[in-house]
Amino acid sequence: MNGFRYQKWDPLLIVSQIVAVQTLYYLGLGFWVLLITITIDRAPSLDYLFSYEIFNITNWSSRLFTGVFLLNALTSALAILYIVGRYKQCLDFSITIHFYHFIACWIYNSQCPRMFSWYLTQFFSIVIMTILSEHLSKKYELRTIPIASRVDL
């Protein structure tokens with residue numbers, strides 16, 4: 001079958017896309033955390049990436065790092081756009097990123113995240129990442145194809 005947008009199932013491509021998008025997710029998150037920790041004069045730590053206890057939104061610094069996760073959803077949406085580039089796969093990759101992040105947090109903390117605010121932040125991060133990457137992918141997929149109007153002889 002040689003139809004439009006036909007792709008055969010390629011597990012190596014899918015796994016490499018997952019690894020690339022997950023890597024860019026953590027690079028983006030690490031960049032934003034580093035930028036914020038330097039700005040507020042704190043030492044960078046993996047706790048800001050993986051510890052769910054920073055999501056205790058009773059103080060301003062915890063709210064700031066919650067915002068970092070939501071900001072990273074914007075940059076991760078761009079990663080999904082450039083690595084995956086398919087409208088129908090944006091939700092799949094957004095959930096996959098957060099599923100592996102959930103597993104990493106569980107391993108780092110030696111227990112399942114227990115704070116409701118952590119789950120709420122991850123949910124909104126998935127929503128932002130999915131909507132933005134779908135919107136941008138749809139714009140990219142639906143762009144007009146330029147057709148030459150004249151033939152040079």
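**From Val68 to the α4–α5 pair**

Let's start at Val68: leaving aside neighbours within four places in sequence, this residue is in contact with Leu29, Trp32, Val33 and Ile36. Keep in mind as you look around that this is a predicted model.

Val68 also has a place in a wider group. The largest nonpolar core holds 26 residues, and Val68 is among those that touch the most other members, together with Leu29, Val33, Phe65, Ile80 and Met129. Two or more residues of this core come from each of α1 (11-39), α2 (47-50), α3 (60-83), α4 and α5. As a general background, nonpolar side chains in soluble globular proteins tend to be buried together.

Met129 takes us on to the next stop, since Met129 of α5 is also one of the residues that meet α4. Helix α4 covers residues 90-109, and its axis lies 8 Å from that of α5, at an angle of about 150°. Angles over 145 degrees count as roughly antiparallel, and α4 and α5 are therefore roughly antiparallel to each other. Their crossing is right-handed. On the α4 side, the contact includes Leu91, Ile95, His98 and Phe102, while α5 brings residues including Trp118, Gln122, Ile126 and Glu134. By class, this contact of α4 with α5 has 10 nonpolar, 8 polar and 1 charged residues.

Finally, follow α5 back to Ser117, which lies in this helix of residues 116-141. Is Ser117 buried or exposed? Its relative accessible area is 13%, and buried means under 20%, so Ser117 is buried. Not counting residues up to four places away in sequence, Ser117 touches Phe55, Asn56 and Ile57.

Conventions
Residues are numbered from 1 along each chain as its sequence is written. This is a predicted model: local features need pLDDT of at least 70, side-chain atom pairs count only at pLDDT 80 or more; totals for chains, interfaces and linings use all residues. Side-chain values use heavy atoms; hydrogens and water are left out. Helices (H or I, at least four residues) and strands (E, at least two) are DSSP runs, numbered from the N terminus. Buried means under 20% relative accessible area, exposed over 50%, partly exposed in between (1.4 Å probe, protein chains only). Contact means heavy atoms within 4.5 Å. Axes are lines fitted to C-alpha atoms, for helices over the stretch in contact, and angles run from 0 to 180 degrees between N-to-C directions. Angles under 35 degrees count as roughly parallel, over 145 as roughly antiparallel, 65 to 115 as roughly perpendicular and the rest as oblique. A crossing is left-handed if the near helix is turned anticlockwise from the far one by less than a right angle, and right-handed if clockwise. Ala, Val, Leu, Ile, Met, Phe, Trp, Tyr, Cys and Pro count as nonpolar, Asp, Glu, Lys and Arg as charged, and the others, Gly among them, as polar. A nonpolar core is a set of buried Ala, Val, Leu, Ile, Met, Phe, Trp, Tyr and Cys residues joined through side-chain atoms within 4.5 Å.
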